[in-house]
Amino acid sequence: MRITTDRLVLREFTSGDWPDVLAYQCDSRYLRFYPWSDRTESGVRAFVQMFLDEQQLEPRLRFQLAITLADGGALIGNCGIRRKSENNSEADIGFELSPEYWGQGYATEATRALIDLGFGEWGLHRVSSWCIADNVASVRALERLGLKLEGRLRENEHFKGRWWDTLLYGLLEDEWRP
Ligand SMILES: CC(C)(COP(=O)(O)OP(=O)(O)OC[C@H]1O[C@@H](n2cnc3c(N)ncnc32)[C@H](O)[C@@H]1OP(=O)(O)O)[C@@H](O)C(=O)NCCC(=O)NCCS
């Protein structure tokens, strides 16, 4: 799959993408809301391999795409839309971006294209997502996309020596403005 937006190209991962992913996933700003305290070459190779394996699934229920700049092709992050089964009318979305590119609307732009795909071509009824409650940038991106807060799981994650709350977000087909 390949999706083009105003400034981005969302494309399938290739095996040669891991160094670009490693470069940004090692950044402490990126790592803040993940259980990882660092990333290694083998860890990131496995991370990218997971997306390559998903490309072979039939039916293809999970699309985790590299976010690249339309201008120059640099890989700046990734975003995904995932269904549990072919007949499932709900998909889960997620995104991450190199800190060098935060705050420029790229996550919103990429994820908007995935939601368009979900409610458009796939005919979904519901799109959902979740994030660590303290992750203000992620909360803002989800709310900017129109997702509504549906729940808060209190202290359901434990990493980096403390408990974290998780927020659940959802968006219905008739709430989406393409
Ligand atoms: C979450 C993330 C993808 C947002 O990417 P982004 O491209 O900067 O987001 P956008 O530019 O589209 O902005 C979305 C909103 O987040 C806000 N935002 C972006 N970076 C922010 C930051 N560091 N702190 C606070 N708000 C921030 C923007 O101002 C915007 O809100 P607004 O509409 O009120 O102005 C990015 O911060 C990231 O990759 N974080 C690490 C990985 C991660 O946490 N992924 C999500 C897992 S659930």
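A: Angles between helices under 35 degrees count as roughly parallel, over 145 as roughly antiparallel, 65 to 115 as roughly perpendicular, and the rest as oblique. This is a predicted model, in which local features need pLDDT of at least 70 and side-chain atom pairs count only at pLDDT 80 or more, while totals for chains, interfaces and linings use all residues. Residues are numbered from 1 along each chain as its sequence is written.

Q: At roughly what angle do the axes of helix α1 and helix α3 cross?

A: Helices (H or I, at least four residues) and strands (E, at least two) are DSSP runs numbered from the N terminus, and axes are lines fitted to C-alpha atoms over the stretch in contact, with angles from 0 to 180 degrees between N-to-C directions. Here the axes of α1 (residues 18-25) and α3 (residues 41-55) cross at roughly 120° and come within 9 Å, and the two helices are therefore oblique to each other. On the α1 side, Trp18, Val21, Leu22 and Gln25 make the contact (C-beta atoms, placed from the backbone, within 7 Å), and they meet Glu41, Val44, Arg45, Phe47 and Val48 of α3.

Q: Which side chains along strand β5 are buried?

A: In a regular strand the side chains alternate between the two faces of the sheet. In β5 (residues 90-97), Ala91, Ile93, Phe95 and Leu97 point to one face and are buried (20 or more other C-beta atoms, placed from the backbone, within 10 Å of a residue's own), whereas Glu90, Asp92, Gly94 and Glu96 point to the other face and are not buried.

Q: How many bridges join strand β4 to β5?

A: Two strands pair if DSSP finds at least two bridges between them. Seven bridges join β4 (residues 75-83) to β5, and these strands run antiparallel, with Gly77 opposite Leu97 of β5 and a hairpin of six residues joining β4 to β5.

Terms used
Buried ≥ 20, exposed ≤ 12 C-beta atoms within 10 Å, placed from the backbone. Contact = placed C-beta atoms within 7 Å.
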